[in-house]
Amino acid sequence: MLFAYDTEATLAFAAALVNTVEGASNSRHDELADIEALEQLLDENEYSGRRDRDDAELQEVRALRAEFRRFWEVDRDTAVGLVNTILSDSNALPQLARHGDWDWHLHATAPDAPLATRMRVEVAMAFIDVIRTDEFDRLRECAADDCAAVLVDLSRNRSKRYCDVGNCGNRMNVIAYRKRLAAD
């Protein structure tokens, strides 16, 4: 394990949320179009705390996708500013928490804080670990020519090039294989 389990889970969640946008999603359509889709994403990622389950909450979470995407677009030093702004805006107060099947891990907002606020702060806290361990190069965009998804490479040898969204690795390998056959 490269990071603490809660950091890895939050990084995976951030990438999954970013990858719900049109063009990056498996369907190539917006996969966060309604409250049910948000609920499914939250359940799949074991998101705890308050859920209002209304359109305002959905729109706030949808807006986070562009904000989180910035972490894949900037360098490490610029990311520090993004993290600090999120933590300052949210009046984050790190504290240990344990709930469900999760052992002790960090939260920096109250469980009843709005969902989008909790998401922003948890993602910022995860990126603190990425920045402090100088592992920013593990944030990547999918190497497939026709994919706009992002990924977090948690492999030991830092070799992950393709996202898990659209089966890009297999697809690109088939394309390369067919090109080799055609060249022969």
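The largest pocket of this predicted model is lined by 19 residues. Nearest its centre lie Ala12, Ala15, Ala16, Asn19 and Val165. Three elements give two or more residues to this lining: helix H1 (5-18), helix H2 (35-44) and strand S4 (150-152). The top contributor is H2, with four residues. Ala12, Ala15 and Ala16, among the residues nearest the centre, fall within the range of H1.

Next, the chemistry and the volume. The lining of the largest pocket holds 11 nonpolar residues, four polar ones and four charged ones. The volume of this pocket is about 440 Å³.

Now turn to the second largest pocket. Its space comes to about 350 Å³. The lining here is made of 19 residues. Which of them lie nearest the centre? They are Asp6, Thr10, His105, Leu106 and Glu122.

The elements giving two or more residues to this second lining are H1, strand S2 (102-107) and helix H5 (115-132). H1 gives the most, with five residues. His105 and Leu106, both near the centre of the pocket, carry numbers inside the S2 range. Glu122, also named there, sits in the H5 range.

How does the second lining divide by class? It has eight nonpolar, seven polar and four charged residues.

H1 links the two descriptions. This helix gives two or more residues to the lining of the largest pocket, and H1 also gives five residues to the lining of the second largest pocket.

Conventions
Residues numbered from 1 in each chain as written. Predicted model: local features only at pLDDT ≥ 70, side-chain atom pairs only at ≥ 80, totals over all residues. Heavy atoms only, no water. 1 Å grid on protein atoms, 1.4 Å probe; cavity = no way out; pocket = protein on both sides within 12 Å on 5 of 7 lines; lining within 4 Å. Points joined across faces, edges and corners; volume = space filled by probe spheres on them. Nonpolar A, V, L, I, M, F, W, Y, C, P; charged D, E, K, R; others polar.
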